[in-house]
Amino acid sequence: MTPENLVGLDEAQVTHFLGGATDVRQAPPAVVWEYRTDTCALDLFFYMDVSDKKLRTLAYDLKTSESNTTDQPVKNCLTDIRRQANS
């Protein structure tokens, strides 16, 4: 899974994949779900989909503590978030 795979998902679908957010904040018109681990931070920005009245992820911001720019730190981050949710 990559962060791009999360774009378009509703809240229930994101919770299924990543578990509950570390924190939720309002940033009108968005709702931001924050996920934090020791090595990375992922913010998912949800906006109202007017066609079905559900909040859906339209953007994300992912930061890792690794300077490596390959996809591996991103995959490691998402794995860590999922592992943290299941512990």
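**Entry 1. Strand pairing**

Before looking at any bridge partner I noted that two strands count as paired if DSSP finds at least two bridges between them. With that in hand I looked up Met48 in this predicted model, and I found that the bridge partner of Met48 in β4 is Leu55. The strands concerned, β3 and β4, pair in the antiparallel sense over 10 bridges.

I then went to the other end of the sheet, where β1 and strand β2, residues 30-36, are antiparallel and share 5 bridges. Here I looked up Ala27, and its bridge partner in β2 is Ala30.

**Entry 2. The sheet as a whole**

I wrote down the strand order of the open sheet as β1-β2-β3-β4, which makes 4 strands with antiparallel pairing. Why is one side of β1 and of β4 left without a neighbour in the sheet? I traced this to their place at the edges: β1 (23-27) and β4 (54-64) each have a single partner strand, so one side of each has no neighbour in the sheet. I also looked up the twist, and neighbouring strands of this sheet are turned by 25 degrees against each other on average, with direction ignored.

As a reminder to myself, strands of a sheet pair through backbone hydrogen bonds, either parallel or antiparallel.

**Entry 3. The loops between strands**

I took the connections in chain order, beginning with the hairpin that joins β1 to β2 through 2 residues. Pro29 is found in this loop between β1 and β2, and I checked the peptide bond from Pro28 to Pro29, which is cis, with omega near 5 degrees.

In the loop between β2 and β3 I looked up Asp38, which has a relative accessible area of 82% and is therefore exposed. I also took the separation of Asp38 from Pro28: the two are 10 residues apart along the chain, and their C-alpha atoms are separated by 28 Å.

The hairpin formed by β3 and β4 has 4 residues between the strands, and Lys53 lies in the turn with a positive phi of about 60 degrees. Lys53 counts as exposed, because its relative accessibility is 61% and the cut-off for exposed is over 50%. I recorded the phi of Lys53 and the cis bond together, since most residues other than glycine have a negative phi, and most peptide bonds are trans.

**Entry 4. The aromatic pair**

How many aromatic pairs does a search of the whole structure find? I found 1. The rings of Trp33 and Phe46 have their centres 4.6 Å apart and their planes at 45 degrees, so I entered the pair as tilted. The pair links distant parts of the chain, with Trp33 in strand β2 and Phe46 in strand β3, 13 residues apart.

I then asked of each partner whether it is buried or exposed. Trp33 counts as buried at 9% relative accessibility, and Phe46 is buried as well, with a relative accessible area of 0%.

**Entry 5. Helix α2**

Helix α2 (residues 72-85) lies across β2, β3 (40-49) and β4, and I noted that it runs at about 120 degrees to β4. The 14 residues of α2 reach 20 Å from the first C-alpha to the last, close to the 20 Å expected at 1.5 Å a residue.

I listed the buried residues of α2 as Pro73, Cys77, Leu78 and Ile81. Seen down the axis of α2, these buried residues fall within an arc of 140 degrees, so they line one face of the helix. This brought to mind that an α-helix has 3.6 residues a turn, so residues three or four places apart point the same way. Which elements do the buried residues of α2 pack against? I found α1 (11-18), β2, β3 and β4.

**Entry 6. Val74**

Last, I looked up Val74, which is found in helix α2. Val74 has a relative accessible area of 23% and so is partly exposed. Leaving aside its neighbours within four places in sequence, Val74 is in contact with Pro3 and Leu62. I also took a long separation from this residue: Val74 and Asp52 are 22 residues apart in sequence and 31 Å apart in space, C-alpha to C-alpha.

Note on methods:
Residues numbered from 1 in each chain as written. Predicted model: local features only at pLDDT ≥ 70, side-chain atom pairs only at ≥ 80, totals over all residues. Heavy atoms only, no water. Axes fitted to C-alpha atoms, helices over the stretch in contact; angles between N-to-C directions. Contact = heavy atoms within 4.5 Å. Phe/Tyr/Trp six-rings, centres within 6.5 Å; stacked < 30°, edge-to-face > 60°. Buried < 20%, exposed > 50% of the residue type's maximum accessible area, 1.4 Å probe, protein only. Expected span 1.5 Å × (residues − 1). Arc of directions from axis to C-beta.
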